[in-house]
Amino acid sequence: MTKDNKPKAPAGKPIDLNLLSICDDEMPAERAKPASKYGPLFSKMKIGQAIKCPAGSTAAKLANSLRTHADRNGIECVIKTMSDYGDGFGRVWLLAKAAPKLKRAA
């Protein structure tokens, strides 16, 4: 029992010692980056195209995933979203980065 007189949660399954082994693997230089389940779809996109998705928070989730995909693959772009385009679906756009504005001469 804990301080609050509540029983402790049961411990997880015990570790099977037969499944453990010692190895000489090197520590990786950076954290593992598993591939996104949307990777094949994002790879087909071109600048200026959009993904049509169900309205709601789906567009925001896709946008975050697309930003990560763009960063990992070195794609210079801007990601824009609209949760409801007016047709009951949201959109996520892959757009070109705008060129920096030039200052006007005085």
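This is a short walk through the sheet, one helix, the aromatic rings and the cysteines of the structure above.

Hi everyone, thanks for coming. Please keep in mind throughout that we are looking at a predicted model.

Let's begin with the sheet. It is open and has 3 strands, in the order β1-β3-β2, with antiparallel pairing. Which strands stand at the edges? Those are β1, residues 50-54, and β2, residues 77-82. Each has a single partner strand, so one side of each is left without a neighbour in the sheet. On average, and ignoring direction, neighbouring strands are turned by 20 degrees against each other. As a general reminder, the strands of a sheet pair through backbone hydrogen bonds, either parallel or antiparallel.

Now for the individual pairings. Strand β3 covers residues 89-96, and its antiparallel pairing with β2 runs over 6 bridges. If you want to find the register on your screen, look for Thr-81, which sits opposite Val-92 in β3, and for Val-78, which sits opposite Leu-95 in β3. The antiparallel pairing of β1 with β3 has 5 bridges, and here Pro-54 is the residue opposite Phe-89 in β3.

How many residues lie between β2 and β3 in their hairpin? There are 6, and Gly-86 in the turn has a positive phi of about 110 degrees.

Next, the helix. Helix α2 spans residues 58-72. It lies across β1, β2 and β3, and runs at about 175 degrees to β2. One residue I'd like to show you in α2 is His-69. Is His-69 buried or exposed? His-69 is buried, with a relative accessible area of 12%. Leaving aside residues up to four places away in sequence, His-69 touches Gly-39, Phe-42, Ser-43 and Ile-75.

Phe-42 brings us nicely to the aromatic rings. The structure holds 2 aromatic pairs. In one of them, the ring centres of Tyr-38 and Phe-42 are 5.7 Å apart and the planes are at 40 degrees, so this pair is tilted. Phe-42 is buried, at 3% relative accessibility, whereas Tyr-38 is partly exposed at 29%.

Tyr-85 and Trp-93 also form a tilted pair, with 6.0 Å from centre to centre and 55 degrees between the planes. Tyr-85 is partly exposed, with 45% relative accessibility.

While we are on rings, have another look at Phe-89, the residue opposite Pro-54. Which residue lies over the face of Phe-89? That is Lys-52, at 4.8 Å from the ring centre.

Last, the cysteines. How many disulfides does the structure hold? The count is 0. Cys-53 is in no disulfide, and its nearest cysteine sulfur belongs to Cys-77. Why is there no bond for Cys-77? Its sulfur is 16 Å from the closest cysteine sulfur, the one in Cys-53, and that is too far for a bond. As for accessibility, Cys-53 counts as buried because its relative accessibility is 3%. Cys-77 counts as buried too, at 13%.

To pull it together, we have an open antiparallel sheet in the order β1-β3-β2, with α2 lying across β1, β2 and β3. Add to that 2 aromatic pairs and a lysine, Lys-52, over the face of Phe-89. Thanks for listening, and I'm happy to go back to any of these on the screen.

Key. Residues are numbered from 1 along each chain as its sequence is written. This is a predicted model: local features need pLDDT of at least 70, side-chain atom pairs count only at pLDDT 80 or more; totals for chains, interfaces and linings use all residues. Side-chain values use heavy atoms; hydrogens and water are left out. A disulfide is a pair of cysteine sulfur atoms within 2.5 Å. Buried means under 20% relative accessible area, exposed over 50%, partly exposed in between (1.4 Å probe, protein chains only). Rings of Phe, Tyr and Trp (its six-membered ring) pair if their centres lie within 6.5 Å; planes under 30 degrees apart count as stacked, over 60 as edge-to-face and the rest as tilted. A charge sits over a ring if NZ of Lys or CZ of Arg is within 6 Å of the ring centre and within 35 degrees of the ring normal. Helices (H or I, at least four residues) and strands (E, at least two) are DSSP runs, numbered from the N terminus. Contact means heavy atoms within 4.5 Å. Two strands pair if DSSP finds at least two bridges between them. Axes are lines fitted to C-alpha atoms, for helices over the stretch in contact, and angles run from 0 to 180 degrees between N-to-C directions.
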